[in-house]
There are 4 protein chains.
Amino acid sequence: MEDYRTKCIELLESRGVTVDDIADCARFLQADYHVDLKKEELLESVMSVLSKREVQHAILTGIALDVAAEQGTLDKDLCSILRRDEGLYGVDEVLAYGICNLYGSIALTNFGFIDKKKYGIIAKLNDEGKDSGVVNTFIDDIVGAIAASAASRFAHRWVK
Amino acid sequence: MEDYRTKCIELLESRGVTVDDIADCARFLQADYHVDLKKEELLESVMSVLSKREVQHAILTGIALDVAAEQGTLDKDLCSILRRDEGLYGVDEVLAYGICNLYGSIALTNFGFIDKKKYGIIAKLNDEGKDSGVVNTFIDDIVGAIAASAASRFAHRWVK
Amino acid sequence: MEDYRTKCIELLESRGVTVDDIADCARFLQADYHVDLKKEELLESVMSVLSKREVQHAILTGIALDVAAEQGTLDKDLCSILRRDEGLYGVDEVLAYGICNLYGSIALTNFGFIDKKKYGIIAKLNDEGKDSGVVNTFIDDIVGAIAASAASRFAHRWVK
Amino acid sequence: MEDYRTKCIELLESRGVTVDDIADCARFLQADYHVDLKKEELLESVMSVLSKREVQHAILTGIALDVAAEQGTLDKDLCSILRRDEGLYGVDEVLAYGICNLYGSIALTNFGFIDKKKYGIIAKLNDEGKDSGVVNTFIDDIVGAIAASAASRFAHRWVK
């Protein structure tokens with residue numbers, strides 16, 4: 001699934017997110033356990049997460065929904081919910097769990113934490129999403145899920 | 001959440017699905033345990049499932065994706081995946097699990113069974129989705145998830 | 001399921017946890033949204049979560065595992081893992097997600113946050129579990145899951 | 001995690017389950033797609049599933065609960081629930097989903113199907129569990145989850 005990975009990285013970049021940003025979030029999640037960890041060390045895990053087919057499909061679908069909500073090509077009520085990033089709308093998190101589940105229970109816990117803490121690029125996406133015109137309802141959760149999964153993968157490999 | 005429920009029922013009908021069809025799938029799932037059960041007895045459970053906000057959001061989002069794939073307003077690769085109902089694309093099931101999870105582990109098992117067996121309206125949606133032009137990639141799983149959840153809710157109440 | 005609820009509350013108390021402690025954790029999770037919220041207002045939600053059969057089964061099973069690990073009646077390797085509360089052992093979180101899933105995606109995010117933050121009784125259980133002899137591997141996650149679910153239920157009802 | 005894998009295989013064998021039995025269930029799940037598939041071709045996938053730490057922990061925990069219920073060393077109500085394999089007890093499925101989730105949405109659907117169909121060793125475990133004295137409440141779901149995951153892994157690799 002190398003080809004789709006390249007496409008997904010380009011899609012993320014078109015929305016202002018680099019793999020480096022994601023590696024930085026993953027590093028943040030591991031910082032309690034490994035003080036001196038550098039984000040470069042998490043990059044391999046991020047790239048590995050991005051090569052899973054189910055992750056790629058979640059990225060394609062989530063970003064497509066954000067873009068369509070910006071363009072107004074979806075059902076009106078749904079557009080309005082996505083534009084407001086309504087607090088009780090949870091399909092974005094459901095997609096994120098679809099990623100985290102592949103990496104086990106630690107990934108899910110990591111996600112819950114970074115989703116509330118809104119570190120780094122996730123905070124930036126969240127703020128941007130409050131501007132009129134920009135919809136980042138799905139992408140912030142997807143980025144959080146990839147970072148949470150990469151951190152969990154790193155933790156499991158560390159111990160092996 | 002009464003208003004959104006009416007909207008969701010209308011949306012489902014616009015794609016050829018009635019609450020009666022869903023109640024019939026739920027009855028099928030309970031048939032081993034209650035031979036003489038009539039679909040009317042499952043209807044109350046279906047209506048209750050449809051009044052949950054998370055279920056309504058999943059319906060809105062899933063049907064919007066099917067429609068957008070028909071109209072070709074999404075990313076080209078994603079449109080192509082959704083139109084073919086590609087076997088390894090799993091975001092439709094992820095959305096379905098987001099519904100079933102609310103009703104516990106029996107709902108998930110029910111879903112897996114009816115998703116493979118393709119009973120009633122689910123079989124019809126699946127066949128239709130093979131016609132050029134019609135995309136039923138999300139709706140068949142969402143209908144299966146509502147039926148699986150309604151059957152699980154019924155089973156839990158029966159014993160109480 | 002009133003009878004089992006009473007039994008579960010007694011079981012939790014036998015391990016040092018009151019419904020009041022759980023309501024306080026739920027309040028902590030809602031504090032950002034409702035500054036003046038009192039834990040008493042969350043108590044009804046905690047009691048409602050505790051009346052679900054799937055929640056009761058998770059409590060019975062999780063506490064039974066903690067107790068059996070203390071008594072040494074399980075497989076030796078498993079006892080050793082549970083006594084150390086090994087970081088990469090995730091079955092305790094899996095049981096916790098079985099509770100949270102019933103309350104939707106917000107409950108899961110809440111759980112991830114409080115599991116990392118270790119507020120109130122959860123911190124206490126965690127510390128106690130480091131004493132020789134006491135095993136709190138499952139109960140801290142179960143308490144976190146009940147609190148996260150009660151907070152999510154409260155949030156959904158607030159808006160209705 | 002090679003060492004724990006050997007232990008898990010021995011544990012499964014002590015309860016009457018061989019890796020061959022599991023590979024046969026995985027083959028059954030793929031039979032619609034690959035008519036001539038032999039169970040030997042699924043064996044590598046079964047072995048790979050068994051080397052994941054989260055899978056090993058689920059096996060250790062589930063079998064320990066079955067054994068403890070047979071020995072009567074758990075809480076009386078829980079023992080009674082596990083001995084009857086009570087239909088609405090769902091913690092066994094929750095543990096199974098903890099395995100399937102690691103292999104994506106197809107694994108979950110596979111599990112729901114084989115859990116209802118009760119093919120091969122799963123049927124045998126289920127029947128045995130009805131004998132007085134034998135508790136197979138967790139192991140049948142765990143075996144189903146490993147088979148469902150191995151089949152899903154096989155399907156994903158086939159296409160790559």
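Two residues are in contact if their C-beta atoms, placed from the backbone, lie within 7 Å. With that cut-off, 100% of the interface residues of chain B are also interface residues in chain D, so these copies meet through the same surface. The model on screen is predicted.

**Stop 1: chains B and D**

Select chains B and D together. A turn of 180 degrees, with 0.0 Å of shift along the axis, lays chain B on chain D at an RMSD of 0.0 Å. Chain B contributes 18 residues to the contact, and chain D contributes 18 residues.

Now keep only the chain B side and colour it by helix. Helix H6 (91-100), helix H7 (105-117) and helix H9 (139-159) of chain B each supply at least two residues of the side that touches chain D. Which helix gives the most to this side of chain B? H7(B) does, with 10 residues. Recolour by class, and the side of chain B that touches chain D shows 8 nonpolar, 7 polar and 3 charged residues.

**Stop 2: chains A and B**

Hide chain D and bring in chain A. Chain A can be superposed on chain B with an RMSD of 0.0 Å, using a turn of 180 degrees and a shift of 0.0 Å along the axis. The two copies are therefore related as by a two-fold rotation axis. The interface residues of chain A are also interface residues in chain B, at 100%, so the copies meet through the same surface.

This contact takes 21 residues from chain A and 21 residues from chain B. On the side of chain A that touches chain B, at least two residues come from each of helix H4 (53-71), helix H5 (76-84) and helix H6 (91-100) of chain A. H4(A) gives the most to that side, with 8 residues. By class, the side of chain A that touches chain B holds 11 nonpolar, 5 polar and 5 charged residues.

**Stop 3: H4 against H9 in chain A**

Stay on H4(A) and add helix H9 (residues 139-159) of chain A. The axes of H4(A) and H9(A) come within 9 Å and cross at roughly 160 degrees. An angle over 145 degrees counts as roughly antiparallel, which makes H4(A) roughly antiparallel to H9(A). The crossing of H4(A) past H9(A) is left-handed.

Show side chains for the pair. From H4(A), select Val55(A), Ala58(A), Ile59(A), Gly62(A), Ile63(A) and Asp66(A); in H9(A) they meet Ile139(A), Ile142(A) and Ile146(A). The residues of this contact between H4(A) and H9(A) comprise 7 nonpolar, 1 polar and 1 charged.

**Stop 4: Ala58 in chain B**

Move to chain B and centre on Ala58(B), which sits in helix H4 (residues 53-71) of that chain. Is Ala58(B) buried or exposed? Ala58(B) counts as buried, because it has 27 C-beta neighbours inside 10 Å.

Leaving aside residues up to four places away in sequence, Ala58(B) touches Val91(A), Leu95(B), Gly98(B), Ile99(B) and Ile142(B). Val91(A) in that list belongs to chain A. For a distance check, draw a line from the C-alpha atom of Ala58(B) to that of Ser48(B): the two residues are 10 apart along the chain, and the separation is 15 Å.

**Stop 5: Asp85 in chains B and D**

Select Asp85(B), in the loop between helix H5 (76-84) and H6 of chain B. Its phi is near 50 degrees, a positive value in a residue other than glycine. Most residues other than glycine have a negative phi. Asp85(B) is partly exposed, with 17 other C-beta atoms within 10 Å.

Then select Asp85(D). Its place is in the loop between helix H5 (76-84) and helix H6 (91-100) of chain D. Asp85(D) also has a positive phi, of about 50 degrees, although it is not a glycine. With 17 C-beta neighbours inside 10 Å, Asp85(D) counts as partly exposed.

**Stop 6: H7 against H9 in chain C**

Finish in chain C with helix H7 (residues 105-117) and helix H9 (residues 139-159), which pack at an angle of about 135 degrees with their axes 8 Å apart. H7(C) is therefore oblique to H9(C). H7(C) passes H9(C) in a right-handed crossing.

The residues to select on H7(C) include Ile106(C), Ala107(C), Asn110(C) and Phe111(C). On H9(C), the contact residues include Asp141(C), Gly144(C), Ala148(C) and Ser152(C). By class, the contact of H7(C) with H9(C) has 9 nonpolar, 4 polar and 2 charged residues.

How values were computed
Residues are numbered from 1 along each chain as its sequence is written. Chains are lettered from A and ligands numbered from 1 in the order in which they are written. This is a predicted model: local features need pLDDT of at least 70, side-chain atom pairs count only at pLDDT 80 or more; totals for chains, interfaces and linings use all residues. Copies are superposed by least squares on the C-alpha atoms of residues with pLDDT of at least 70 in both. Helices (H or I, at least four residues) and strands (E, at least two) are DSSP runs, numbered from the N terminus. Ala, Val, Leu, Ile, Met, Phe, Trp, Tyr, Cys and Pro count as nonpolar, Asp, Glu, Lys and Arg as charged, and the others, Gly among them, as polar. Axes are lines fitted to C-alpha atoms, for helices over the stretch in contact, and angles run from 0 to 180 degrees between N-to-C directions. Angles under 35 degrees count as roughly parallel, over 145 as roughly antiparallel, 65 to 115 as roughly perpendicular and the rest as oblique. A crossing is left-handed if the near helix is turned anticlockwise from the far one by less than a right angle, and right-handed if clockwise. A residue is buried if 20 or more other C-beta atoms lie within 10 Å of its own, exposed if 12 or fewer, and partly exposed in between; C-beta atoms are placed from the backbone.
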